[in-house]
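Could you walk me through this structure in my viewer, one selection at a time? I would like to know what to click on next and what I will find there.

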Amino acid sequence: MKNDNPISPHIQVYNWHISSLVSISHRITGVINYLLLIFTCFWVISLTFGSESYQYFKIFSESIVGKFFVIGFIWSYIFQILSEIRHWFWDMGYGFELRTTKITGVVVILGSFILTIVLYLFSGVVI
Amino acid sequence: MVQISLPKNSKIQKGKYFKDKTGSKNIRKVNIYRWDPSTSENPRIDTYEVDMDNCPSKVLDILNKIKNEIDPTIAYRRSCAHGVCGSCAMNMDGKNGLACTKSHAEIKGEINIYPLPHLKVLKDLIGDLSTLYKQYDSIKPWLKNSKNLGDAENLQSKEDRAKLDGLYECIMCACCSTSCPSYWWNGDKYLGPAVLLQAYRWIIDSRDEDRKERLKKVADELKLYRCHTIMNCTNACPKGLNPAKAIASIKKMLATS
């Protein structure tokens with residue numbers, strides 16, 4: 001066959017389903033979490049050097065950018081954990097019915113936001 | 001390789017507009033992907049105004065109507081028109097399915113029809129499935145049995161036969177494989193849901209003696225484990241089968257054997 005035949009459109013025309021949306025988010029949050037380990041390192045380092053150095057971290061985390069960062073961080077981790085639990089069930093062979101995947105997908109999405117809010121408010125109380 | 005955007009020669013242009021000539025008041029706009037191999041032009045989207053008062057219920061009926069009454073140059077595969085042969089698999093309203101079983105009343109607004117995604121287009125709505133057929137061939141889709149039974153039947157218990165339910169119904173229409181992003185990006189190496197469901201159909205058959213060899217053959221980072229349970233395959237299957245579950249069953253067998 002000629003090599004210059006066009007390729008039919010794919011991601012441009014294909015509808016998003018809940019399952020595909022959760023799948024790509026799982027990947028993206030996986031990469032983000034990996035990069036955020038660096039952020040966690042700074043956090044731990046600032047703790048080990050005592051309260052003075054921790055002040056810098058505190059100033060940052062209380063700024064608008066910092067808040068966005070921390071909330072994003074929490075969401076990304078929670079999303080990954082919930083989605084991973086869904087994958088565990090799949091690995092054991094459960095939850096493949098279309099209805100179930102839709103429900104668990106929605107649970108992962110909504111759950112990640114709800115738990116983020118809860119955890120952020122709770123952490124605010126603790127700190 | 002992940003390539004989100006289409007190559008230059010695949011970019012879609014605006015095509016012709018076929019205005020309704022019947023004077024019908026019940027008109028629907030149908031946008032169809034067109035590409036003519038005899039010209040060097042890019043693919044285009046032609047729009048047809050179709051009189052829905054005189055059109056049966058399925059998307060394939062619309063295509064037949066257009067071909068018979070408006071534009072005979074349009075090319076698409078079709079045969080049985082009853083959801084059995086799998087010829088008229090295409091992308092309708094952003095989802096793969098069989099044009100002969102997809103009701104156009106389910107689609108809101110304009111009807112968009114494309115070939116199955118991420119295939120080399122041969123003409124209009126016809127994609128090239130030869131890679132998929134080669135992959136199907138590679139899993140040796142036939143019973144391997146050395147018993148010499150003469151004229152006797154090769155019997156199977158009811159329970160063993162039941163294991164093939166949800167697998168043997170597959171008509172190889174390729175709706176699932178071409179809905180899978182993993183298959184889009186790695187279609188040359190990853191076997192894809194259709195072929196893996198077929199592979200599982202032979203692995204799980206109690207009469208087959210080649211299970212170990214079959215499992216060994218699919219147990220490959222690219223052939224099997226490119227499945228990330230995106231579930232587009234199961235969402236797309238016009239026969240209501242579950243390729244994602246079949247793939248997971250293969251993975252589970254490999255993990256526990």
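Start by selecting chain B, which has eight helices and eight strands. Helices here are DSSP runs of H or I with at least four residues, strands are runs of E with at least two, and both are numbered from the N terminus. This is a predicted model, in which local features need pLDDT of at least 70, side-chain atom pairs count only at pLDDT 80 or more, and totals for chains, interfaces and linings use all residues. Residues are numbered from 1 along each chain as its sequence is written, while chains are lettered from A and ligands numbered from 1 in the order in which they are written.

Keep all of chain B on screen for a moment. Its C-alpha atoms fill a box of roughly 65 × 40 × 30 Å, taken along the principal axes. Of its 257 residues, 39% count as buried; a residue is buried if 20 or more other C-beta atoms, placed from the backbone, lie within 10 Å of its own, exposed if 12 or fewer do, and partly exposed in between. Among the contacts in chain B with a separation of 6 or more, 68% are between residues 24 or more positions apart. Two residues are in contact if their C-beta atoms, placed from the backbone, lie within 7 Å.

**The sheet of chain B**

Now colour the strands of chain B. Six of them form an open sheet with mixed pairing, in the order β1-β3-β2-β6-β4-β5. Two strands pair if DSSP finds at least two bridges between them. At the edges are β1 (13-18) and β5 (95-98) of chain B, each pairing on one side only. From one strand to the next, the twist averages 30°.

Zoom in on one edge, β1(B). Four bridges pair β1(B) with β3(B) in the parallel sense, and B:Gln13 stands opposite B:Arg44 in β3(B). Is β1(B) buried, or does it lie in the open? Of its six residues, the number buried is zero, so β1(B) lies largely in the open.

At the other edge, select strand β4 (residues 89-92) of chain B together with β5(B): the two run antiparallel and are joined by four bridges. Click on B:Ala89 and look across to its bridge partner in β5(B), B:Leu98. Next, add helix α1 (residues 59-70) of chain B, which packs on the sheet and touches β1, β2 (27-34), β3 (44-51), β4 and β6 of chain B. The direction of this helix makes about 90° with that of β3(B). Axes are lines fitted to C-alpha atoms, for helices over the stretch in contact, and angles run from 0 to 180 degrees between N-to-C directions.

**Two loop residues**

Select B:His118, in the loop between β6 (111-114) and β7 of chain B. Its phi is near 50°, a positive value in a residue other than glycine. B:His118 is buried, with 23 other C-beta atoms within 10 Å.

Then move to B:Ala174, in the loop between α3 (158-162) and α4 (181-186) of chain B. Phi is near 75° for B:Ala174, again positive in a residue other than glycine. B:Ala174 is buried, with 24 other C-beta atoms within 10 Å.

**Where the chains meet**

Show both chains. Here 38 residues of chain B are in contact with 23 residues of chain A. On the chain B side, the elements giving two or more residues are β7 (121-123), α7 (232-236) and α8 (243-256). Of these, α8(B) gives the most, with five residues.

**Chain A**

Finish with chain A, whose pLDDT (the predictor's confidence in each residue, from 0 to 100) averages 90. Among its elements, helix α2 (residues 51-62) has the lowest mean pLDDT (86) and helix α3 (residues 64-91) the highest (93).

Select α2(A) and α3(A), which pack at an angle of about 85° with their axes 4 Å apart. That makes α2(A) roughly perpendicular to α3(A), a label for angles of 65 to 115 degrees, while those under 35 count as roughly parallel, those over 145 as roughly antiparallel and the rest as oblique. At this contact, A:Phe60, A:Ser61 and A:Glu62 in α2(A) meet A:Gly66, A:Lys67 and A:Val70 in α3(A).

Last, add helix α1 (residues 18-48) of chain A, whose axis comes within 6 Å of that of α2(A) and crosses it at roughly 145°. Look for A:Trp43, A:Ser46 and A:Leu47 in α1(A), which meet A:Ser53, A:Tyr54, A:Tyr56 and A:Phe57 in α2(A).
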